[in-house]
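This briefing walks through one protein chain, topic by topic, for a reader who has the sequence and the coordinates at hand. Please keep the structure open while reading the points below.

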Amino acid sequence: MISGFRFSVAALCGLFLLAACSGESGEDSSKVKTNPAASTANTPIIGTPASGTRQKTRAIPLGSGFDFYVLSLSWSPSWCLDNDPSGRSMQCDPDNDHGFIVHGLWPQNEQGYPEFCRTRESDRVPDALGRTLFDIMPSMGLIGHEWRKHGSCSGLSQKDYFSVLRAAREKLVIPPSLQSAGSDQRTNATQIETALTSANPGLRPDALAVTCASGRVDEVRICFNKDLSFRACGEIDRAGCKVKSLKLPAIP
């Protein structure tokens, strides 16, 4: 393992969920797309029950018109270096200390994905709904864009789509070593995938991918069935970063 970026067993035992934010508002141009189809709210969903109690789960609204979901998490410091180095946006404000933030939840097919689908729902996401997501995705521009391009193809209402998005984020455990990079680190896709699969029982290497850009960690993409169980996704996995050494920029 590369010095300065160690994933110890002790660190993985102290896992906790990341609550983070995003100020991205542009097109998600880095998304995998080989054969796109034509266009035609804070409690964890799955938790650990207290001793002597029965585990309770909240029903997951089931989408339609696609095969599975891809949850995309953006490494915020990398995005900010390219898009807002002065830190003027909410996401890139140095006082906010963002690591991984939600880029989007994408309905996906085994090959390609639908986008900008026709729906009876409004194109605009109300502020009252969007602001409930600011702890994980704090940009109305990004929230609105993700609904129009991806959420509209989920077969769900806006409210249900964003509830599934939150549930998918809360299902995934981010190891502490991937939450608090106080200085620039060197790593690679395999190390990040190993840390995530070790922290999340049932998550296998063929169910996620790490993407990169400009020699830096860009995003982590995790594949879920419609009920938010982990599942393999060959197209996503094969498109992962192959660079042997990547920079993980520090969280400001």
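The model discussed here is predicted. The chain has 7 helices and 6 strands, and read along the sequence these follow the pattern α-β-α-β-α-α-α-β-α-β-β-α-β. Of the 252 residues in the chain, 52% are buried, while the chain exposes about 11600 Å², of which carbon and sulfur atoms supply 51%.

**Strand E1 and its partners**

- Strand E1, which spans residues 68-75, is mostly covered, since 8 of its 8 residues are counted as buried.
- In a regular strand the side chains alternate between the two faces of the sheet.
- In E1, Phe68, Val70, Ser72 and Ser74 point one way, whereas Tyr69, Leu71, Leu73 and Trp75 point the other way, and all of these residues are buried.
- E1 runs antiparallel to strand E2 (residues 100-108), to which it is joined by 8 bridges, and it also pairs in the antiparallel sense with strand E5 (residues 216-224) over 6 bridges.
- Valine 70 shows both pairings in a single residue, with tryptophan 106 as its bridge partner in E2 and cysteine 223 as its bridge partner in E5.

**Aromatic pairs**

- The structure holds 5 aromatic pairs, and one of them is formed by tryptophan 75 and phenylalanine 100, whose rings meet edge-to-face at 4.9 Å centre to centre with 70° between the planes.
- This pair links distant parts of the chain, with tryptophan 75 in strand E1 and phenylalanine 100 in strand E2, 25 residues apart.
- Tryptophan 75 is buried because its relative accessible area is 0%, which is under the 20% cut-off, and phenylalanine 100 is likewise buried because its relative accessible area of 2% is under that cut-off.
- Tyrosine 161 and phenylalanine 162 form another edge-to-face pair, with 5.0 Å centre to centre and 65° between the planes, and both of these residues are buried.
- Ring pairs also join Trp147 with Tyr161 and Phe162, giving a cluster of these residues.

**Lysines over rings**

- The charged end of lysine 171 sits over the ring of phenylalanine 230, at 4.5 Å from the ring centre.
- Lysine 226 lies over the face of phenylalanine 66, with a distance of 4.8 Å from the ring centre.

**Helix H4**

- Helix H4, covering residues 140-149, is largely enclosed by the rest of the structure, because 7 of its 10 residues are buried.
- The buried residues of H4 are Leu142, Ile143, Gly144, His145, Glu146, Trp147 and Lys149, a list that contains charged side chains such as Glu146 and Lys149 alongside Leu142 and Ile143.
- These buried residues of H4 pack against strand E2, helix H3 (127-130) and helix H5 (158-171).

**Helix H6**

- Helix H6, covering residues 189-199, is also largely enclosed by the rest of the structure, because 8 of its 11 residues are buried.
- Its buried residues are Ala189, Gln191, Ile192, Glu193, Ala195, Leu196, Thr197 and Ala199.
- Asparagine 188 caps the N-terminal end of H6, where a side-chain oxygen of this asparagine lies 3.1 Å from the backbone nitrogen of threonine 190.

Notes: Residues numbered from 1 in each chain as written. Predicted model: local features only at pLDDT ≥ 70, side-chain atom pairs only at ≥ 80, totals over all residues. Heavy atoms only, no water. Buried < 20%, exposed > 50% of the residue type's maximum accessible area, 1.4 Å probe, protein only. Helix = DSSP H or I, 4+ residues; strand = E, 2+ residues; numbered from the N terminus. Pairing = 2+ DSSP bridges. Areas by Shrake-Rupley, 256 points an atom, 1.4 Å probe, with all protein chains shown as cover. Phe/Tyr/Trp six-rings, centres within 6.5 Å; stacked < 30°, edge-to-face > 60°. Lys NZ or Arg CZ within 6 Å of the ring centre and 35° of its normal. Contact = heavy atoms within 4.5 Å. Polar contact = N/O pair within 3.5 Å; in protein donor to acceptor, adjacent residues only side chain to side chain.
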